[in-house]
Amino acid sequence: MEQQQVAPLSVGLDALGRAVERASGWLLERYGEEVEWAIEDQFLIGLDDQERIDLEEQLQARSSRDQAIFFANAMSCLLAQGRFEPDAEEGDCRSFSFADKLLGTGGLLLEVTERRWLEALVGSRLQLYRIGSDNGSTALEEVTSRRQVLVEPHPAMEPLEDGDLVGTRVVALEGETAGRLCGVFGFPAGAAERGLVELVETAATHPRSSRGEILGIAEVVATAWLRSFLPDASTRGPQAVVDGGSETPGRRRILEWPGSGD
């Protein structure tokens with residue numbers, strides 16, 4: 001498909017968000033089925049089959065804002081580290097990185113600043129942070145390393161307060177004094193807080209050697225956040241999400257993905 005020329009974007013607080021939005025739309029238009037497959041296989045990896053059914057039902061009943069946050073979080077994971085890994089029965093289909101399709105030859109035509117932000121996002125890791133402040137700026141402290149970073153405000157963080165936990169990717173360009181967030185998995189401080197931190201610490205110290213053996217930090221955080229949508233979330237807590245969920249999930253659609261078609 002012939003690419004369209006785009007007008008340059010000004011650098012603003014939401015420059016990364018705008019680049020991610022354009023990238024997500026482009027991938028859904030051209031690789032909609034592969035995106036849906038990868039979300040089932042990678043973003044929802046910690047949920048079992050029944051939890052996936054419950055999640056779809058709950059999301060259908062949620063507000064458009066909640067659905068948009070779910071979609072944005074899923075796409076942030078696919079843009080940063082997602083791959084299409086077809087099963088053997090798919091025939092001639094080959095695995096590929098979504099970032100390679102987006103940024104490589106024949107990919108989306110990007111303004112220079114957009115490309116810089118997306119290139120900085122690729123390969124970045126989702127970590128769990130505690131929210132704080134530093135001289136009026138938003139500061140995040142990574143829970144396992146205690147490393148602190150200053151970040152720009154993000155609309156999805158508005159319900160959260162100092163002391164709450166947030167899973168996110170912090171992306172920064174060279175020379176930037178504050179990072180920007182891609183994907184926001186919010187966890188208000190409460191009874192389940194210690195359990196989530198312990199699960200993340202376990203994932204950090206026990207890297208898996210094979211698929212499905214143990215969930216990584218990103219998958220632990222995403223799974224705990226996804227379970228907060230479920231009807232029994234008040235009693236479920238993070239649970240033991242270190243072990244993987246369903247190994248062979250059914251190919252089910254979670255909502256109607258924007259631009260993916262039927």
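This briefing walks through a five-stranded sheet, two helices that lie across it, and a couple of residues worth a look. Keep in mind that the model is predicted. The sheet is open, its strands are ordered S5-S4-S3-S6-S7, and the pairing is antiparallel. Helix H3 crosses S6 and S7, while helix H6 crosses S3, S6 and S7.

**The sheet as a whole**

- Strands S5 (148-151) and S7 (180-187) sit at the edges; each has a single partner strand, so one side of each has no neighbour in the sheet.
- Going from one strand to the next, the twist averages 40°.

**Strand S6 and its partners**

- S6 takes in residues 165-171 and pairs with S7 through seven bridges, in the antiparallel sense.
- Along that pairing, Val171 has Arg180 of S7 as its bridge partner, and Arg169 stands opposite Cys182 in S7.
- With S3, S6 shares four bridges, and here too the strands run antiparallel.
- Arg130 is found opposite Leu165 of S6.
- S6 is mostly covered, with six of its seven residues buried.
- As a rule, side chains in a regular strand alternate between the two faces of the sheet.

**Helix H3 and Asn73**

- Helix H3 spans residues 64-81 and runs at about 130° to S7 as it lies across S6 and S7.
- Asn73 is part of this helix.
- Asn73 has a relative accessible area of just 2%, and because the cut-off for buried is under 20%, Asn73 counts as buried.
- Setting aside neighbours within four places in sequence, Asn73 contacts Phe43, Gly183, Val184, Phe185 and Trp225.
- Three of those contacts, Gly183, Val184 and Phe185, fall within the 180-187 stretch of edge strand S7.

**Helix H6 and Glu193**

- Helix H6 covers residues 193-205 and lies across S3 (127-134), S6 and S7, at about 120° to S3.
- Glu193 belongs to H6.
- Glu193 comes out as partly exposed, at 22% relative accessibility, because that class takes in values between the 20% and 50% cut-offs.
- Not counting residues up to four places away in sequence, Glu193 touches Arg130 and Leu165, the pair that stand opposite each other where Leu165 sits in S6.
- Glu193 and Leu165 are 28 residues apart along the chain, and their C-alpha atoms are separated by 7.9 Å.

How values were computed:
Residues are numbered from 1 along each chain as its sequence is written. This is a predicted model: local features need pLDDT of at least 70, side-chain atom pairs count only at pLDDT 80 or more; totals for chains, interfaces and linings use all residues. Side-chain values use heavy atoms; hydrogens and water are left out. Two strands pair if DSSP finds at least two bridges between them. Axes are lines fitted to C-alpha atoms, for helices over the stretch in contact, and angles run from 0 to 180 degrees between N-to-C directions. Contact means heavy atoms within 4.5 Å. Buried means under 20% relative accessible area, exposed over 50%, partly exposed in between (1.4 Å probe, protein chains only).
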